[in-house]
Amino acid sequence: MEQFIEIKAANPDSLLFFRMGDFYEMFFEDAEVASRALGITLTKRGKHYGRDIPMCGVPLHTADDYLQRLIALGHRVAVCEQVEDPAEARKRGAKSVVRRDVVRLVTPGTITEDNLLDARRSNFLSALARAKGGEGGGDRFALAWIDMSTGAFRLAEFDAAALAASIARVEPRELLVPDSLLDEADFRLRFREIGAATGAAIVPVPRAFFDGATAGDRLASFFGVASLDAFGGFTRLETTAAAAVVAYVDKTQLGRRPPLDPPQREASGAAMAIDAATRANLELVRTLGGERRGSLLATIDRTVTGAGARLLAERLASPLTDPEAIRRRLDAVELFLRDSSLREEVAGRLARAPDMARALSRLALGRGGPRDLAAVGAGLAAAVGVFGRLVEVEMPGDEVAAAMAALGTAPHDLGGRLAEALADDLPLLKRDGGFVRAGFRADLDETRALRDESRQVIASLQATYAGLAEVKGLKIRHNNVLGYYVEVGPQHAPAMLSAPLNATFIHRQTMAGAVRFSTVELGALEGKIASAGERATAIELAVFDDLTAAVIAAGAGIKRAAEALAALDVASGLAALADARRWTRPKVDDSGAFRITAGRHPVVEEMLAEDGQSFVANDADLGAAPGAAAASTTGEGGRIWLVTGPNMAGKSTFLRQNALIAVLAQMGAFVPAAAAHIGVVDRLFSRVGAADDLARGRSTFMVEMIETAAILNQAGPRALVILDEIGRGTATFDGLSIAWATVEHLHAVNRSRALFATHYHELTALSERLERVVNATVKVKEWKGDVVFLHEIVPGAADRSYGIQVAKLAGLPAAVVERAKAVLTELEKSGGHAPASLIDDLPLFTAARRRAAAPAPDAPPPPVLALLDGLRPDDMSPREALEALYRLKAERARDEG
Ligand SMILES: Nc1ncnc2c1ncn2[C@@H]1O[C@H](COP(=O)(O)OP(=O)(O)OP(=O)(O)O)[C@@H](O)[C@H]1O
């Protein structure tokens with residue numbers, strides 16, 4: 001207990017997994033917390049100051065599952081191991097306790113085990129450094145983020161306005177911030193919001209982690225370099241953030257170092273800026289409900305490896321702004337699209353390639369096992385195979401050529417050596433042995449033979465002893481106390497205990513049903529087996545260490561090959577998608593264009609297809625005047641499309657599909673359109689149906705206005721702005737006025753390309769006055785008082801909203817629909833004022849009159865309904881079904897007539 005209390009005191013913010021033999025045990029409050037979180041039994045063990053000590057425990061072999069659940073719930077765990085052999089402890093005295101120490105702190109951002117990680121998602125640990133703004137300048141921030149499971153290490157610097165967006169893009173699992181920052185009430189609130197929006201655990205760390213004066217030296221010493229210059233220039237703030245991350249790695253890994261890449265800084269403006277609300281609204285990587293299914297990512301993901309899926313998600317989260325870099329990615333997709341046999345062969349090989357990068361990381365951290373070595377071996381074999389196929393390609397293009405260069409220089413010999421050294425069936429843990437292939441090491445083969453021979457000799461001894469003692473049922477058995485021993489029934493004991501047999505059989509134990517003996521021969525063999533076994537294990541562990549060292553030494557090459565395979569997986573997956581769904585290559589350049597021909601919403605289209613329905617494609621053209629040059633250079637602005645149309649017609653779908661097409665194009669993917677020409681979008685904004693945020697004490701309207709303010713303050717001529725029904729959350733005239741002024745501001749000041757959906761038909765008058773405002777509407781057909789949605793966007797303005805028809809479709813009670821129609825007519829007649837006639841004509845009475853007029857419940861149903869009721873679809877042939885349909889139509893025609 002003393003030992004426990006001491007170690008716990010050093011790790012107050014973590015649950016302490018205290019190793020006791022084959023269990024990890026937790027005590028005191030930790031036990032209470034863990035038993036509640038894990039649903040395991042809380043017991044007690046011993047007393048502390050006369051009180052029972054609460055305790056619970058998890059078995060060693062299932063500890064990972066429990067760890068995973070605790071981490072997912074936001075806990076941190078300190079793993080405390082026995083760091084000496086119990087025999088060593090006994091030497092210090094009978095009562096001395098085995099030495100224990102914390103060997104690792106398990107936190108959400110530092111896990112590397114496959115079963116704790118999501119294979120298809122990066123696991124970022126990040127640190128945020130701040131430089132306080134002086135006079136005239138606001139605060140500046142730098143974010144450093146690493147994925148310890150793969151070694152990726154990135155840096156970026158930005159101003160306060162981009163803080164939330166930058167963190168939302170990275171989506172770290174764990175975000176380190178200086179504790180002093182959290183002391184400021186304003187930041188405390190912002191980080192709470194960021195944590196809620198991204199799922200990141202916000203971890204305050206001492207200021208010393210962020211000490212700018214020592215940051216450069218600390219970072220250089222982590223990488224074992226004399227100066228950071230070799231990595232390219234970092235700002236002081238970036239260096240500070242990077243140094244904080246590595247300090248935390250050292251703290252949690254207790255000095256063990258993962259193979260991190262040298263930090264790579266991201267130039268500001270290299271990625272399309274997408275703020276957190278836009279990301280969420282557009283459902284890029286997950287839906288508003290928090291699920292992957294239904295998100296853009298799930299729709300486009302056809303990768304076959306975890307690393308490929310992670311890269312795809314990363315690219316989707318940060319679309320590029322450099323047309324040249326985008327072209328390189330698109331070339332790769334096109335290559336795989338044109339050559340489907342290449343695509344299938346590469347994908348086939350990739351599908352068998354394990355996660356090399358994560359295996360490498362575990363090996364470097366001393367947490368690897370034989371299967372990790374095998375994963376690296378198989379990954380390298382896949383690299384050779386893929387390379388062999390790619391060299392046949394005549395014009396691979398830059399991205400594929402770069403991947404080939406990485407694959408061509410991968411440590412192929414090492415792959416061969418691993419394949420030679422490792423057996424086919426591998427144990428999880430190296431200490432179990434048996435993972436080195438027979439024939440790989442002569443000395444190992446010999447010791448194993450010796451061990452196995454001795455076992456055979458023992459087996460044959462049983463027959464010899466049975467003959468000697470004349471006991472048919474004599475058995476040779478083994479247990480940990482006696483080792484190998486001879487066992488006979490008690491009736492044979494007298495003979496065996498007397499001469500001459502007692503010269504061979506040495507009595508050891510008498511039990512109720514058996515008597516046990518040892519022999520000199522058995523003892524000798526036992527020693528041989530044990531020492532051969534020990535020797536074999538020692539040789540295997542030496543082989544393991546050798547191979548691990550070789551893998552770590554070749555780490556950089558292995559990582560490059562792994563990245564190349566991931567890039568190929570992304571390109572071939574996007575090509576497969578483009579092929580299956582007939583997507584096309586977008587043209588992306590520096591112009592101010594935004595012309596989409598026959599665009600579709602990738603996710604809605606897929607969902608409709610599942611129901612056998614087709615999606616109506618629509619054009620959009622938000623560029624400056626046709627043929628005009630870059631919006632930014634000529635001072636021209638993009639066009640604003642004012643989209644009106646009834647509810648449910650497809651306005652939101654249209655708005656979003658254009659934003660998604662821009663994201664897809666700039667991440668280097670093909671797009672769901674017949675053609676697309678996009679002048680690079682530098683910022684994407686979308687304000688689409690915000691929900692109440694009561695937890696933050698903000699109403700729908702407040703959220704909407706905050707987001708609109710961000711857009712009007714930040715969007716420029718290269719931005720793409722999507723605004724869906726601004727102002728609907730307040731009184732009509734207030735809302736209309738805000739929407740009106742917003743359009744004017746977008747047109748005159750922001751000059752962005754924009755799509756603006758609205759129910760305020762009054763706004764369409766703006767197109768007469770503002771040259772770049774264009775009216776568009778969604779076509780509907782009215783048929784016998786109902787609306788039929790055609791989902792087709794055409795020039796012009798909607799004449800009305802059909803809100804009441806949609807309400808009727810939704811099943812609003814007939815009386816309410818009727819009444820609404822009456823009120824609408826009156827309101828239209830009186831120009832918006834509620835006339836006295838409305839107030840006199842109380843709805844209660846109208847409703848009552850309607851009820852009186854409605855058919856009595858027991859009146860016979862009309863013939864069509866009777867016919868319908870008689871149909872049993874499950875029992876009908878297709879032909880009968882068709883006939884029934886005709887009968888129904890005829891009956892209905894008779895009704896009408
Ligand atoms: N182009 C299209 N082709 C086929 N179906 C479509 C299309 N656009 C939209 N839809 C269907 O219509 C439904 C409603 O679309 P959406 O939510 O975009 O309407 P809306 O006009 O924005 O409505 P509201 O004004 O009520 O928000 C979608 O869920 C989809 O099923």
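**Exercise 1.** In this predicted model, determine which of the 14 residues around the ligand come nearest, and which elements give two or more residues to the shell.

*Solution.* Begin with the residues themselves: among the 14 around the ligand, those that come nearest are N647, G650, S652, T653 and H791. Next, assign the shell to elements, where helix 23 (602-610) and helix 25 (651-667) are the ones that give two or more residues, and helix 25 holds the largest share, with three residues. Finally, sort the shell by character, which yields six nonpolar residues, seven polar and one charged.

**Exercise 2.** Establish in which sense, parallel or antiparallel, strand 26 pairs with strand 21, and in which sense with strand 27.

*Solution.* Take strand 21 (residues 640-644) to start with: its pairing with strand 26 (residues 773-783) is parallel and runs over five bridges, with L642 standing opposite N775 in strand 26. Then turn to strand 27 (residues 786-795), which pairs with strand 26 in the antiparallel sense over eight bridges, and here K781 stands opposite V788. The last step is the connection, for strands 26 and 27 form a hairpin with two residues between them, and K784 in the turn has a positive phi of about 50 degrees.

**Exercise 3.** Work out where the buried residues of helix 14 lie around its axis, and against which helices they pack.

*Solution.* First list the buried residues of helix 14, namely L342, R343, V346, A347, R349 and L350. These residues cover an arc of only 160 degrees around the axis, and therefore lie on the same side of helix 14. Their packing partners are helix 13 (323-338), helix 16 (370-390) and helix 22 (555-581).

Conventions
Residues are numbered from 1 along each chain as its sequence is written. This is a predicted model: local features need pLDDT of at least 70, side-chain atom pairs count only at pLDDT 80 or more; totals for chains, interfaces and linings use all residues. A residue is buried if 20 or more other C-beta atoms lie within 10 Å of its own, exposed if 12 or fewer, and partly exposed in between; C-beta atoms are placed from the backbone. Helices (H or I, at least four residues) and strands (E, at least two) are DSSP runs, numbered from the N terminus. The arc is that of the directions from the helix axis to the C-beta atoms. Two residues are in contact if their C-beta atoms, placed from the backbone, lie within 7 Å. Two strands pair if DSSP finds at least two bridges between them. A residue is near a molecule or strand if its C-beta atom, placed from the backbone, lies within 6 Å of it. Ala, Val, Leu, Ile, Met, Phe, Trp, Tyr, Cys and Pro count as nonpolar, Asp, Glu, Lys and Arg as charged, and the others, Gly among them, as polar.
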